[in-house]
Amino acid sequence: MIQDIYPHRYHNEYRPCAPRPDSILLFYDEECVLAAMPDEKLQFPQFRHLGANAAAVAENAVYLFSIDDLAYFLTLDRPKLNPQAAEHFSMHPVSIFRTAKPLAQAFAGITGSQLKNWYDTSRYCGRCGSELKQDKKERMLRCPVCGHTVYPKISPAVIVGVKDGDRLLLTKYSGRAYKRYALIAGFNEIGESIEDTVRREVMEEVGLKVKNIRYYKSQPWSFSETLLMGFYCDLDGSAEIQLDTEELSEGVWMKREEIPKPVSDISLTSEMIERFRRGLE
């Protein structure tokens with residue numbers, strides 16, 4: 001999956017530091033990122049690539065995280081690169097992170113995008129309307145007037161592999177760019193256990209009852225600012241699908257040998273489908 005970047009290590013502790021020449025600079029604008037793809041390898045600009053405004057960019061850059069000992073910073077204004085670097089870096093859609101290599105850079109890029117979106121949507125205090133300020137000790141925004149604090153938003157959601165013997169329920173989303181087979185998915189609601197989310201989402205989307213709910217694995221999924229929790233469960237009763245056509249365009253039962261092999265291995269959904277296809281679940 002996209003976060004499986006071993007032997008590299010992701011450090012999300014908030015430890016602001018001064019950027020070094022080799023520190024990474026992330027800039028996003030309108031669902032695009034400043035990057036280069038030489039030989040199909042994803043690269044981001046470094047502080048050594050900056051031009052005349054290097055000092056100003058370094059002073060205002062926001063520390064995000066580190067991978068190994070390489071720090072990543074966010075800039076909210078497009079940096080002016082030196083002429084040589086400017087020839088290579090341009091704006092690319094953040095969707096490139098679904099297929100880009102190396103995986104550590106793709107993971108860094110989409111994680112940075114999630115944090116950038118949080119900063120963009122958390123500029124003002126929701127209690128008194130004052131402008132929020134960055135905290136010095138943790139990744140948090142604080143209102144200097146009323147003291148209200150804001151932390152990054154993470155939305156819990158479930159991915160559900162519904163089994164009926166050697167058949168798996170596969171679905172396709174309605175009205176989305178992603179057209180391949182997926183599993184039942186949905187967000188957790190306030191006051192609801194994750195297991196109840198599984199039951200509710202399956203019932204709402206395909207009209208089926210389930211039993212024997214068992215946890216498989218989790219995944220941070222920054223494409224939707226979500227923490228995904230994967231579950232397998234068994235059909236309980238009728239297998240007749242009653243499709244919610246607002247959410248799904250298709251819902252089918254497929255035997256293991258009928259399931260197409262996933263074309264990507266970055267998502268929890270793909271891993272769960274492939275695990276069932278190979279007879280491991």
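Glu-225 sits in the loop between E14 and E15. This is a predicted model, and in it the phi of Glu-225 is near 55°, a positive value in a residue other than glycine. Most residues other than glycine have a negative phi. Is Glu-225 buried or exposed? Its relative accessible area is 18%, and the cut-off for buried is under 20%, so Glu-225 counts as buried.

Now Glu-40. Its phi is near 60°, again a positive value in a residue other than glycine. You will find Glu-40 in the loop between strand E4, residues 32–35, and helix H1, residues 54–60. Glu-40 is exposed, with a relative accessible area of 66%.

Next, the strands on either side of Glu-225. E14 covers residues 210–221 and E15 covers 226–235, and both are among the elements that cover the buried residues of helix H5. Strands E11, E12 and E16 are included there as well. How many residues of H5 are buried? The helix runs from 268 to 277, and 7 of its 10 residues are buried. Among them are Leu-268, Met-272, Ile-273 and Phe-276, along with Glu-274. After H5 comes Gly-279, with a positive phi near 80°.

Last, the peptide bonds. Most peptide bonds are trans. Where are the cis ones I want to show? One joins Tyr-6 and Pro-7, with omega about 15°. Pro-7 lies in the segment before strand E1, residues 10–11. Another cis bond goes from Lys-101 to Pro-102, with omega near -5°. Pro-102 is in the loop between strand E7, residues 90–93, and helix H3, residues 103–120.

Definitions and conventions:
Residues numbered from 1 in each chain as written. Predicted model: local features only at pLDDT ≥ 70, side-chain atom pairs only at ≥ 80, totals over all residues. Heavy atoms only, no water. Buried < 20%, exposed > 50% of the residue type's maximum accessible area, 1.4 Å probe, protein only. Helix = DSSP H or I, 4+ residues; strand = E, 2+ residues; numbered from the N terminus. Contact = heavy atoms within 4.5 Å.
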